[in-house]
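Please follow this walk through the chain with the sequence and the 3D view side by side. The path goes from two loops to the strands, and from there to the core and its rings.

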Amino acid sequence: MPSPEISSVSLPAIDALRERLHAFLRPTPTLPVAALSDASSPQALVAKFELWQVTGSFKARGALANVAAIAEEDKRYGVTAVSAGNHAIATAFAAKAHNLHAKVVMLANASPVRVARCEAYGAEVVMAPDVHAAFDIAEDIATDEQRTFIHPFEGVTTALGTAGVGRELINSAPDLDAVIVPVGGGGLAAGVSAAVKLTAPHCKVFGVEPFGADSMHRSLLADTPLRLDGVSTIADSLAAPMALPTSFALCRQFIDRVVRVSDEDLRIAMRRMHDILGLAVEPACAAALAALEGPLAESLNGCRVGLIFCGSNIDPTTWHAQVSAR
């Protein structure tokens, strides 16, 4: 039986939070992308263009949900977060929207463009050498400065926020046979899969991770959240080093299967999205297409499939370097 906390992820709760956050978010469309369908394995494809969300990714939903939930007496201390980029930007945005101060921890190899976007929202940025150190630094900041830590993917509040992506997709395309969603730590996948299954139980939900950061895939096989010793992938937005209890439990309950793709699969999908749709996206945004054209191609042949395009915070130099690398 699901825990009481997990059971609180319901359609009324999802819709109530969507209404509460409506004023801060940008409506993102669900559009047909038939041109992406492989002629040898044709599908009827639609995509949820969450890459056009305010701050450039779905992360704004979870960050806003968590900042809005901070107790009034704690707001004066501000917030902190750890992120390769998208969550840091989203936390900075959410803090500014609620007149709070943000101090975010980012990785030393983070794109200068992402760092600048955080600072443009008024956040103080602290750099960390790697993802494990980044979490330690953010936790120290939260303790020493009494800031509220906004986790990048864990928690029911985060899942209720990201569930809006899945709810909107299924409301726009109720006849889908399957939805493919990228998996980093699992915050997006947890919310999207819950919303899809609660709205349309017949619809399959597939998660997709990079081989070099497959914590959710390994955790589901082991039936317990696992921590990786290290991660290695061009998809830094999907490079969470661990799965955690709430996001893991929701993914275990609502996701049918998690598949993995290589960095080269991601590069190919990035190039196809650019050549066919005119979109220069980050690797995580291309993950759903990479899964559709790789490990899910045969099983989804002829199906009506929804793809989650999750974010596009990438600069031209980085994009060119990633799609041309071997």
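In the loop between helix H6 (131-145) and strand E6 (148-149) sits Gln146, in a model that is predicted. The phi angle of Gln146 is near 60 degrees, a positive value in a residue that is not glycine. With a relative accessible area of 49%, Gln146 is partly exposed, and the cut-off that matters here is that a residue has to be over 50% to be exposed. A second residue invites a look alongside it, namely Asn99, which has its place in the loop between H4 and strand E4 (102-107). Asn99 also has a phi near 60 degrees, a positive value in a residue other than glycine, and its relative accessible area of 72% makes Asn99 exposed.

From these loops we can turn to the strands. In which order do the six strands of the open sheet lie? The order is E1-E2-E10-E7-E8-E9, and the pairing is mixed. At the edges are strand E1 (30-32) and strand E9 (257-261), each of which pairs on one side only. Averaged over the sheet, and with direction ignored, neighbouring strands are turned by 25 degrees against each other. The edge strand E9 is joined by five bridges to strand E8 (residues 204-210), and the two run parallel; within this pairing, Glu209 has Arg260 in E9 as its bridge partner. Helix H8 (residues 187-199) packs on the sheet, where it touches strand E7 (178-182), E8 and E10, and the direction of the helix makes about 165 degrees with that of E7.

Another strand to look at is E3 (residues 79-83), which is mostly covered, with five of its five residues buried. In a regular strand, side chains alternate between the two faces of the sheet. For E3 both faces are covered, since Val79, Ala81 and Ser83 on one side and Thr80 and Val82 on the other are all buried. Five bridges join E3 to E4, and these strands run parallel, with Val82 standing opposite Val105 in E4.

The next topic is the nonpolar interior. The largest nonpolar core has 106 residues, and those with the most contacts inside it are Val104, Val179, Ile180, Leu300, Leu307, Ile308 and Phe309. Apart from this core lies another one, of 13 residues, which includes Val82, Val105, Val131 and Ala240. The residues Val82 and Val105 that stand opposite each other in E3 and E4 are thus met again in this second core.

Phe309 of the largest core deserves a closer look. Leaving out residues up to four places away in sequence, Phe309 touches Leu36, Ala47, Lys48, Phe49, Glu50, Leu51, Met273, Leu277 and Cys285. One of these neighbours, Phe49, is also a partner through its ring, and ring pairs link Phe49, Trp52 and Phe309 into a cluster.

A pair of aromatic rings is described by the distance of the centres and the angle of the planes. The count of aromatic pairs comes to three. For Phe49 and Phe309 the ring centres are 5.3 Å apart and the planes stand at 90 degrees, so this pair is edge-to-face. Phe49 belongs to strand E2 (residues 44-49) and Phe309 to strand E10 (residues 304-309), so the pair ties together parts that are 260 residues apart in sequence. Both Phe49 and Phe309 are buried. Phe93 and Tyr121 form an edge-to-face pair as well, with 5.5 Å from centre to centre and 70 degrees between the planes. This pair links distant parts of the chain, with Phe93 in helix H4 (residues 86-97) and Tyr121 in the loop between helix H5 (112-120) and strand E5 (124-128), 28 residues apart. Is each partner buried or partly exposed? Phe93 counts as buried at 13% relative accessibility, whereas Tyr121, at 25%, counts as partly exposed.

The last stop is Thr162, which lies in helix H7 (residues 156-172) and is buried, with a relative accessible area of 2%. A polar atom of the Thr162 side chain lies 3.2 Å from the backbone oxygen of Ala159. Beyond its neighbours within four places in sequence, Thr162 is in contact with Phe58, Arg61, Gly187, Leu188, Gly191 and Val192.

Key: Residues are numbered from 1 along each chain as its sequence is written. This is a predicted model: local features need pLDDT of at least 70, side-chain atom pairs count only at pLDDT 80 or more; totals for chains, interfaces and linings use all residues. Side-chain values use heavy atoms; hydrogens and water are left out. A nonpolar core is a set of buried Ala, Val, Leu, Ile, Met, Phe, Trp, Tyr and Cys residues joined through side-chain atoms within 4.5 Å. Buried means under 20% relative accessible area, exposed over 50%, partly exposed in between (1.4 Å probe, protein chains only). Contact means heavy atoms within 4.5 Å. Rings of Phe, Tyr and Trp (its six-membered ring) pair if their centres lie within 6.5 Å; planes under 30 degrees apart count as stacked, over 60 as edge-to-face and the rest as tilted. Helices (H or I, at least four residues) and strands (E, at least two) are DSSP runs, numbered from the N terminus. A polar contact is a pair of N or O atoms within 3.5 Å; within protein, one must be able to donate a hydrogen and the other to accept it, and residues adjacent in sequence count only if both atoms are side-chain atoms. Two strands pair if DSSP finds at least two bridges between them. Axes are lines fitted to C-alpha atoms, for helices over the stretch in contact, and angles run from 0 to 180 degrees between N-to-C directions.
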